[in-house]
Amino acid sequence: MIAGDGVGQEVIPEAKRVLNRAGQKYGFTCQFQDFDWGAEYYFANGRMMPQNALDLLRPSDAILLGAVGHPDIPDHVTLNGLLLPIRRTFDQYANVRPAVLYEGVCSPLAGRKAGDIDMVIVRENTEGEYSQVGGFVYHHQPEEVAIQTSVFTRRGVERIIRFAFELAVKRNKKRRVTSITKSNAQGYSMVLWDSVFEDVAGQYPQIETESLLVDAAAMNFIRRPESFDVVVGSNLFGDILSDISAILVGSMGLAPSANLDPLRRFPSMFEPVHGSAPDIAGRGIVNPLATIFSAGMMLDHLELPEAGAAVDQAIVKALASGRARTADLGGTSSTSQAGDAVLEAL
Ligand SMILES: NC(=O)c1ccc[n+]([C@@H]2O[C@H](COP(=O)([O-])OP(=O)(O)OC[C@H]3O[C@@H](n4cnc5c(N)ncnc54)[C@H](O)[C@@H]3O)[C@@H](O)[C@H]2O)c1
């Protein structure tokens, strides 16, 4: 457990309560190990986590993370000092972000009702535009130059696209995979992406496919969100589009994510999509459901699918009853009341 910063400290305890209850009900015990890494650790030690942090995490079955980020620390320091090293070292190459419109939740889009939106964004999580390859020339001088290079490998592209197809098969819903591209303007990386997509698609004749330029995809997420099933994109495109899909289904406070090593060589990491929300931290009003959803995804990954589904269903029930309606959903429930509603439903 890395509760991290800001609202991370408030949502993780709610997820723990739900995991413990799920354990009682489904006959497993969670052994939590808490790591106090993040902004406070940085202020005391000059780094976001200790030098041997990854060795400390390695023996875990899974990692549940709240959020990291502090107004007094540049965001690239928090991201590169904690989240990105974990994702890369443990080769968590599939970032899975479901977006479902549930009963009791209002989409900002008119005329959409529960069940109309049910998609999952699969984002490449280890390379692409976030590879951190580049540098400054004439740094801090008026003629400063910054170069940032994207890295797309056939191996990296192929494995994430294949993961998306496998997920479409497993979900067995609309059986459709949408590829997000920009090969009209990015004539190398995205041309490779398109060519690999076509190769892999050929191996899944039962799955319908569609390829959209990222700008058209942004429009179509708003215009016809109900048409999407599994959407696969690069690190940057997946990052941006998954914020759109999150708000389409009501709130960032409902958006969970999994950073998966699908080959299970290393621990996978589960976290809400949202950040440390310093504007509301410490007030007991943050919506804990995204983190509890993420904990449910963790149970599923830990091969406790019954318990994972029960956690999901408990959240859905709590939302439908109106008893887990925090401020971001237009209600007045506190963080712990929302947690209580899920516990009771479970
Ligand atoms: N994975 C992560 O840890 C992660 C992700 C995104 C941002 N960040 C960091 O978090 C900090 C704040 O970033 P930001 O403000 O751009 O994004 P944010 O997600 O923290 O907040 C965006 C807005 O959504 C609201 N919000 C977010 N989660 C909510 C929840 N569960 N319930 C109710 N309202 C919620 C916030 O109050 C805020 O108004 C920055 O330091 C940023 O780098 C971290």
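The ligand surroundings and the environment of Asn-259 are described below for a predicted model.

In this predicted structure, the ligand is surrounded by 19 residues, of which Val-68, Asp-75, Gly-275, Ala-277 and Asp-279 are the closest. Classified by residue type, this shell comprises eight nonpolar, seven polar and four charged residues. Backbone atoms of the protein approach oxygen atoms of the ligand at several positions. A polar backbone atom of Gly-275 is placed 2.7 Å from a ligand oxygen atom, and for Val-68 a backbone N or O atom is found 2.9 Å from an oxygen atom of the ligand. At Ser-276, a polar backbone atom lies 3.0 Å from an oxygen atom of the ligand. Taken on its own, the ligand has 810 Å² of accessible area, and the protein covers 69% of this area.

Asn-259 was examined as a second site. This residue belongs to strand 10, which spans residues 256-260. The relative accessible area of Asn-259 is 0%, and the residue is therefore classed as buried, the cut-off being under 20%. Two polar contacts of the Asn-259 side chain involve charged partners: one is formed with the side chain of Glu-271 at 2.9 Å, and another with the side chain of Arg-87 at 3.1 Å. With residues up to four places away in sequence left out, Asn-259 touches Arg-87, Gln-92, Ala-94, Asn-95, Asn-125, Ser-268, Met-269 and Glu-271. Both side-chain partners, Arg-87 and Glu-271, are thus included among the residues that Asn-259 touches.

Methods: Residues are numbered from 1 along each chain as its sequence is written. This is a predicted model: local features need pLDDT of at least 70, side-chain atom pairs count only at pLDDT 80 or more; totals for chains, interfaces and linings use all residues. Side-chain values use heavy atoms; hydrogens and water are left out. A residue is near a molecule or strand if one of its heavy atoms lies within 4 Å of it. A polar contact is a pair of N or O atoms within 3.5 Å; within protein, one must be able to donate a hydrogen and the other to accept it, and residues adjacent in sequence count only if both atoms are side-chain atoms. Accessible areas come from the Shrake-Rupley method with a 1.4 Å probe; for residues, only the protein chains shown count as cover. Helices (H or I, at least four residues) and strands (E, at least two) are DSSP runs, numbered from the N terminus. Buried means under 20% relative accessible area, exposed over 50%, partly exposed in between (1.4 Å probe, protein chains only). Contact means heavy atoms within 4.5 Å.
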